[in-house]
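This report is meant for a reader who meets the structure here for the opening time, and it moves from helices to strands to charged pairs. Please keep the structure in view while reading.

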Amino acid sequence: FDAVLDELGGCCVDVFDFHFYGDPVGGGTMVGDGDRLLGYGDLPEVATFYRERLDVRGFAGTRLWTTENGTPSGRWRVGPELVETSEAEQARDLPKRTVVALASGVDKLFWAFGMSEGFSEWDDDFFDHTGLISSGHGAPAGTRKLAYWALWQMTRQLDGCRWSEVERLATTVPETRAYRCPLEDGGAVVVAWWDTF
């Protein structure tokens, strides 16, 4: 996109979108010949990469969105390789991924390409398993996965957060993260977790 952005000269781009699919266990899943799937912890670096590329080209006012963002559950394929992750891992990842993205300068994020599983023709690949509602493969069609309920609970608990003011809090325990989000009507919510993959 650099050539297109350079040609526009800082004009006429309201939103820059990047897709960020990855690993529901924080970036620890290895596939192929030692390739690591990106996890939620990689989001700050990726968002910073795009923000810097936009800013240097005169697009400091352009908002960052990720209109496809998600992780899979179940048994899924990466090429010829079968990988398995659980619904619980996907559900635990969803709020982490959301909070870290919003705290990293992403203005909006949308889960996967849709709420239901399946992407075009079903071939058991990564994207077929990123939905939050079963399409009938492995569970009856319409069955809500654990990540659906994680999203439901997260949106209830974090309603009214002023995401542009979220700050990461220092923690002293290894593998922990905490974020403080001021609320529109006063007070704040702290979201914290300990990764024990």
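## A helix laid across two strands

In this predicted model, helix 3 lies across strand 10 and strand 11, and its direction makes an angle of about 60 degrees with that of strand 10. Helix 3 covers residues 87–103, while strand 10 is made of residues 176–182 and strand 11 of residues 188–194.

## Helix 3 and helix 4

Two packed helices are described by the angle between their axes and the distance between the axes. For helix 3 and helix 4, the latter spanning residues 146–157, the axes come within 7 Å and cross at roughly 30 degrees. Because angles under 35 degrees count as roughly parallel, helix 3 is roughly parallel to helix 4.

The crossing in which helix 3 passes helix 4 is right-handed. On the side of helix 3 the contact is made by Glu87, Ala88, Gln90, Ala91, Leu94, Pro95 and Thr98, and on the side of helix 4 by Leu146, Ala147, Ala150, Leu151 and Met154. Sorted by character, the residues of this contact comprise 9 nonpolar, 2 polar and 1 charged.

## The sheet of strands 9, 10 and 11

Strands of a sheet pair through backbone hydrogen bonds, either parallel or antiparallel. Here an open sheet of 3 strands follows the order 9-10-11, and its pairing is antiparallel. Strand 9 (167–169) and strand 11 (188–194) stand at the edges with a single partner strand each, so one side of each has no neighbour in the sheet. From one strand to the next, the twist averages 25 degrees.

Strand 10 and strand 11 run antiparallel and are joined by 7 bridges. Within this part of the sheet, Tyr179 stands opposite Val191, a residue of strand 11.

## Parallel partners of strand 5

Strand 5 (residues 63–70) pairs with strand 1 (residues 15–17) in the parallel sense, over 3 bridges, and Val15 has Arg63 of strand 5 as its bridge partner. Strand 2, which holds residues 20–21, also runs parallel to strand 5 and is joined to strand 5 by 2 bridges; in that pairing, the bridge partner of Phe20 is Asn69.

A further parallel pairing links strand 5 to strand 8 (residues 106–111) through 4 bridges. There, Leu64 has Val106 of strand 8 as its bridge partner.

## Charged pairs

Side chains of opposite charge can pair when their charged atoms come close. How many salt bridges does the structure hold? There are 10 salt bridges in the structure, and one of them is formed by Asp6 with Arg57, whose closest N and O atoms are 2.7 Å apart.

This pair links distant parts of the chain, 51 residues apart: Asp6 belongs to helix 1 (residues 2–8), whereas Arg57 sits in the loop between helix 2 (43–56) and strand 5.

Note on methods:
Residues are numbered from 1 along each chain as its sequence is written. This is a predicted model: local features need pLDDT of at least 70, side-chain atom pairs count only at pLDDT 80 or more; totals for chains, interfaces and linings use all residues. Side-chain values use heavy atoms; hydrogens and water are left out. Axes are lines fitted to C-alpha atoms, for helices over the stretch in contact, and angles run from 0 to 180 degrees between N-to-C directions. Angles under 35 degrees count as roughly parallel, over 145 as roughly antiparallel, 65 to 115 as roughly perpendicular and the rest as oblique. A crossing is left-handed if the near helix is turned anticlockwise from the far one by less than a right angle, and right-handed if clockwise. Contact means heavy atoms within 4.5 Å. Ala, Val, Leu, Ile, Met, Phe, Trp, Tyr, Cys and Pro count as nonpolar, Asp, Glu, Lys and Arg as charged, and the others, Gly among them, as polar. Two strands pair if DSSP finds at least two bridges between them. A salt bridge is a side-chain nitrogen of Lys or Arg within 4 Å of a carboxyl oxygen of Asp or Glu.
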